[in-house]
Amino acid sequence: MLRKFYLKSLALCLLSLPLAAQEAQAPAAPAAPPAATAASSEEFKSLDQEVQSLKKEVLDLNRELFVLEEELLFPANTQVAVFVSMDVGEFFALDSVTLKIDNKEVANYLYTQREAEALLKGGVHRVFIGNLKAGEHELIALFTGQGPNVRDYRRGATVRLEKGVGAKYVELKISDRAAKAQPEFVVKEWE
């Protein structure tokens, strides 16, 4: 909240700089000598460079604040991240994923056609990042989409996670099982 206030204030300051420069140049005499025009042009270029420099600093500060916010909200010792990936996709076209941890819904994501195609090309989507205390937890993933023969398809995968000290990464992988002409939903834990 405080970060947004600082960023808005800084953005307003940056936006007002070119306006202030224009106002400062507006009351100039109509018959200014060419040397004065060249000087004001140089001042304007200098001011423009300053504004660009400030914009770059704001972007760098925003990036640093984002990293700091991630570290504060999701400390490494309690962090859990869940990713979705696909392999082949002949027997299943993904529409949405719903995640529950300990019978509490923590994420529900609806994929666009473009996002589903990106997953088929090897992309990985972080569908959830959160905090879990150490101990045993149950993760339930519900997949909705088009299955074989263009029928609506809804499958679930359940896994018991043992959360220890340190970050925990879970991959929900959708792959084709050619022998049964069915999709397979596999949950992998990464340490």
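Hi everyone, let's start with a glutamate. Glu 171 is buried and yet has no salt bridge. The nearest side chain of opposite charge belongs to Lys 188, and that one is 4.5 Å away. A salt bridge here would need a side-chain nitrogen of Lys or Arg within 4 Å of a carboxyl oxygen, so Lys 188, at 4.5 Å, does not make one with Glu 171. Please keep in mind that this is a predicted model.

Where does this residue sit? Glu 171 is part of strand 7, which covers residues 168-177.

So which side chains make polar contacts with Glu 171? One is Ser 85, whose side chain is joined to that of Glu 171 by a polar contact of 2.6 Å. Another is Trp 190, with a side-chain to side-chain polar contact of 3.1 Å. If we set aside neighbours within four places in sequence, Glu 171 is in contact with Phe 83, Ser 85, Val 186, Val 187, Lys 188 and Trp 190.

Now let's move to a loop. Between strand 2 (93-101) and strand 3 (104-110) we find Asp 102, and Asn 103 lies in that loop as well. Most residues other than glycine have a negative phi. Asp 102, though, has a positive phi of about 55°, and Asn 103 has a positive phi of about 60°. Neither is a glycine.

Are these two buried or exposed? Asp 102 counts as partly exposed because its relative accessibility is 38%. Asn 103 counts as exposed, because its value is 61%.

Thanks for listening, and do have a look at both places in the structure.

Notes: Residues numbered from 1 in each chain as written. Predicted model: local features only at pLDDT ≥ 70, side-chain atom pairs only at ≥ 80, totals over all residues. Heavy atoms only, no water. Helix = DSSP H or I, 4+ residues; strand = E, 2+ residues; numbered from the N terminus. Buried < 20%, exposed > 50% of the residue type's maximum accessible area, 1.4 Å probe, protein only. Lys, Arg positive; Asp, Glu negative; His and termini not counted. Polar contact = N/O pair within 3.5 Å; in protein donor to acceptor, adjacent residues only side chain to side chain. Contact = heavy atoms within 4.5 Å.
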